[in-house]
Amino acid sequence: MNTKIRYACLGFLGVTALYTGVWAYFAPRAWHASFPGFGMSWLPQLGPYNEHLAKDAGAMFLALAALTAVAVRSVRNTRLVQTTGAAWLVFNVLHLSYHTQHLGMYGTRDQVLNVVLLSALVLASAVLLVPGKEGSSCASR
């Protein structure tokens, strides 16, 4: 796989993880009230505020951000990039699956944004599973 494509996918996933993780962990009440931001609010419809749940979600996103940062630094290491993609793919498929089952609580704009954004995250994760050039799996050891 092209290194630029790997950087793009890892960058998209990493920025998403940092945006969500930092906000959820360090300002959990504001995150619950205002996520995803930009004048929208998607979490109160899913249930009442729970600090423990918000901080756990933030911590999980920060852990994925750390893994993604390591993969960015070793972008030619196919095994590491694929492992990162697999971790993200498990999370993103389950996340998309949950939200597609609960779209009825949102208006049309938010339904479309949920499906488009969460599907883009699944796609970016899956792209990372594409093997690199032969012999590149050990390039960054």
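**Exercise 1. Find out what covers the buried residues of helix H4 in this predicted model.**

Start with the buried set: in H4 it is Thr 78, Leu 80, Val 81, Thr 84, Gly 85, Trp 88, Asn 92, Leu 96 and His 99. Next, look at what lies against them: the cover includes H1, H3 and H5. Trp 88 makes a handy spot check, since its relative accessible area is 0% and the cut-off for buried is under 20%.

**Exercise 2. Check whether the length of H4 agrees or disagrees with its residue count.**

Take the 23 residues of H4 at 1.5 Å a residue, and you should get a span of 33 Å. Now compare the end C-alpha atoms: they sit 31 Å apart, which agrees. While you're at the N-terminal end, look for the cap. Asn 77 does that job, with a side-chain oxygen 3.2 Å from the backbone nitrogen of Arg 79.

**Exercise 3. Do the same for helix H1, then work out what covers its buried residues.**

Length comes first: 24 residues (3–26) should span 34 Å, and the end C-alpha atoms are 33 Å apart, so that agrees too. The N-terminal cap is Asn 2, where a side-chain oxygen lies 2.6 Å from the backbone nitrogen of Lys 4.

Then the buried side. Among the buried residues of H1 are Cys 9, Leu 10, Leu 13, Ala 17 and Trp 23. Their cover includes helix H2 (28–34), strand S1 (36–37), helix H3 (51–73), helix H4 (78–100) and helix H5 (108–127).

**Exercise 4. Arg 6 sits in helix H1. Decide whether it is buried or exposed, and list what it touches.**

Arg 6 has a relative accessibility of 2%; that is under the 20% cut-off, so it counts as buried. For its contacts, skip residues up to four places away in sequence. What's left is Met 1, Val 75, Arg 76, Asn 77, Thr 78, Val 81, Leu 128, Val 130, Pro 131 and Gly 132.

**Exercise 5. Classify two of the aromatic pairs and look at their surroundings.**

The structure has nine aromatic pairs. Tyr 25 and Phe 26 make one of them: the centres are 5.1 Å apart and the planes differ by 80°, which is edge-to-face. Tyr 25 is partly exposed at 30% relative accessibility, whereas Phe 26 is exposed at 59%. Tyr 25 also has company from a charge: the charged end of Lys 55 sits over its ring, 4.1 Å from the centre.

Trp 88 and Phe 91 come next. With 6.4 Å between centres and planes at 70°, this pair is edge-to-face as well. Both residues lie in H4, three residues apart, about one turn of the helix. In an α-helix there are 3.6 residues a turn, so residues three or four places apart point the same way.

**Exercise 6. Spot the unusual backbone geometry at Phe 35, Pro 36 and Phe 38.**

Check omega between Phe 35 and Pro 36: at about 15°, the peptide bond is cis. Pro 36 belongs to strand S1. Move on to Phe 38, in the loop between S1 and strand S2 (40–41). Its phi is positive, about 55°, though it isn't a glycine. Phe 38 is exposed, with a relative accessible area of 72%. Phe 35 and Phe 38 also belong to one aromatic cluster with Tyr 19, Trp 23, Trp 31, Trp 42 and Tyr 106.

**Exercise 7. Judge which stretch calls for caution.**

The chain's mean pLDDT is 93, and 94% of its residues reach 70 or more. Residues 137–141 fall below 50, with nine contacts in the model beyond near neighbours in sequence. Where pLDDT is low, the predicted coordinates should not be read in detail.

Terms used:
Residues are numbered from 1 along each chain as its sequence is written. Side-chain values use heavy atoms; hydrogens and water are left out. Helices (H or I, at least four residues) and strands (E, at least two) are DSSP runs, numbered from the N terminus. The expected span of a helix is 1.5 Å times one less than its number of residues. Buried means under 20% relative accessible area, exposed over 50%, partly exposed in between (1.4 Å probe, protein chains only). Contact means heavy atoms within 4.5 Å. A polar contact is a pair of N or O atoms within 3.5 Å; within protein, one must be able to donate a hydrogen and the other to accept it, and residues adjacent in sequence count only if both atoms are side-chain atoms. pLDDT is the predictor's confidence in each residue, from 0 to 100. Rings of Phe, Tyr and Trp (its six-membered ring) pair if their centres lie within 6.5 Å; planes under 30 degrees apart count as stacked, over 60 as edge-to-face and the rest as tilted. A charge sits over a ring if NZ of Lys or CZ of Arg is within 6 Å of the ring centre and within 35 degrees of the ring normal.
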